[in-house]
Amino acid sequence: MRRITRITTVGIASAALALSATACGKSSNDSGSGTDSKAAKAAIAYDIGGRGDQSFNDAAYAGLKKAEDELGVKGSEAEPSEGEGDADKVQRLTALARAGNNPVIGVGFAYAPAIEKVAKSYPNTTFGLIDDTSKTGKNIANLVFNEEQGSYLAGVAAAKASKTGTVGFIGGVEVPLIKKFEAGFAQGVKDTNPKAKVLVQYLTQPPNFDGFAKPDLGKAAAQGQLDKGADVIYAAAGLAGSGSIEAAATAGKWAIGVDSDQYNQAGLASYKAKILTSVTKDVSDSVFNLIKSVKDGKPQTGEIRYGLATDGVGLADSNPEYKKMTDLIAAVDKAKKDIIDGKITVKTAP
């Protein structure tokens, strides 16, 4: 797998030239999806934090790796640069498309404006846009999730596991997507224990997206919530969430992971005993399924939604301690059934 690591603004332009040179001589205004080999090629462009975040980006990578292993696809990856703008993302996606990758997948809503622009220049290439439906097109697949549903289950679990009656939610950046996590979590907590207190903190406000990238911010926020009596903390903050997990685990309190099953993430092994559960989003399969659809000649387009009913979101049970909590599991299972059956409607905004 080819990985372009931490491309800077200048580096992106250089990469675009280098990659286009391998695209079978396709000119810059060629809107086809040229390839320099018979092997199918696919690429993902990472969100803030990049690969190694033990969460969102790593889940996307797992889908690309699966496509390599099972479909024989040649994968490429591209990392974000700190403080980049839409122009940088346009250059990155253009470079990947010109190199013959199909599909090209932008990991995260921040890629929406860039994908809208680049997709028009490459109509024969399928573009995947994860976590956003604001930009659409005939060759754009919007891969989205019912995060609020999985977060509701986390709220049920947190309320059941808490001994103090105070739990915490930490959001990376205060944007509508992360507000969905907050809304579902708070609703799940309150429906389970109306007397419970939910502490809420966001690490940064847009256009500052450091709240998805800096673990020290997550650690400090979690420590503040612990000091206020929280004994279960759920963070939806990408790489920054690892800091909150560290703080909670070090204090002997419960952490709830996000996006990936963080109990099984190697980078968090020191804290896994206190990772009660994780709200999972099947980003991995969404990436794999899109790549497979293109390889099969039937590319996905439009909104592709992953919800609780199809296990597109869920709650991990890897921690043996979680499996011992029979009352908690029963409450989570009931809540899951009620959501799927339509008895519970989960809010998408606080």
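This report describes the open and enclosed spaces of a predicted model, and then one of its sheets.

**Pocket and cavities**

The largest pocket has a volume of about 430 Å³. Its lining is made up of 20 residues, and those closest to the pocket centre are I48, S81, E82, G83 and E84.

A search of the whole structure also finds two cavities of 30 Å³ or more. The largest cavity holds about 180 Å³ of space. Around this cavity stand 19 lining residues, with D47, F56, I178, F212 and D259 nearest its centre. Three elements, α2 (56-71), α6 (176-192) and β10 (254-259), each give at least two residues to the lining of the largest cavity. The largest share comes from α6, with three residues.

The table sorts the two linings by residue class.

| Space | Nonpolar | Polar | Charged |
|---|---|---|---|
| Largest pocket | seven residues | five residues | eight residues |
| Largest cavity | eleven residues | three residues | five residues |

**The sheet**

Strand β10, which helps to line the largest cavity, also belongs to an open sheet of six strands. The strand order is β8-β7-β9-β10-β11-β13, and the pairing is mixed. Why does one side of β8 and of β13 have no neighbour in the sheet? Strands β8 (197-204) and β13 (313-315) stand at the edges and each has a single partner strand, so one side of each stays free of a neighbour. From one strand to the next, the twist averages 15°.

Strands in a sheet pair through backbone hydrogen bonds, in a parallel or antiparallel way. Here, β9 (residues 232-236) and β10 run parallel and are joined by three bridges. Y234 stands opposite I256 of β10.

Methods. Residues numbered from 1 in each chain as written. Predicted model: local features only at pLDDT ≥ 70, side-chain atom pairs only at ≥ 80, totals over all residues. Heavy atoms only, no water. 1 Å grid on protein atoms, 1.4 Å probe; cavity = no way out; pocket = protein on both sides within 12 Å on 5 of 7 lines; lining within 4 Å. Points joined across faces, edges and corners; volume = space filled by probe spheres on them. Nonpolar A, V, L, I, M, F, W, Y, C, P; charged D, E, K, R; others polar. Helix = DSSP H or I, 4+ residues; strand = E, 2+ residues; numbered from the N terminus. Pairing = 2+ DSSP bridges. Axes fitted to C-alpha atoms, helices over the stretch in contact; angles between N-to-C directions.
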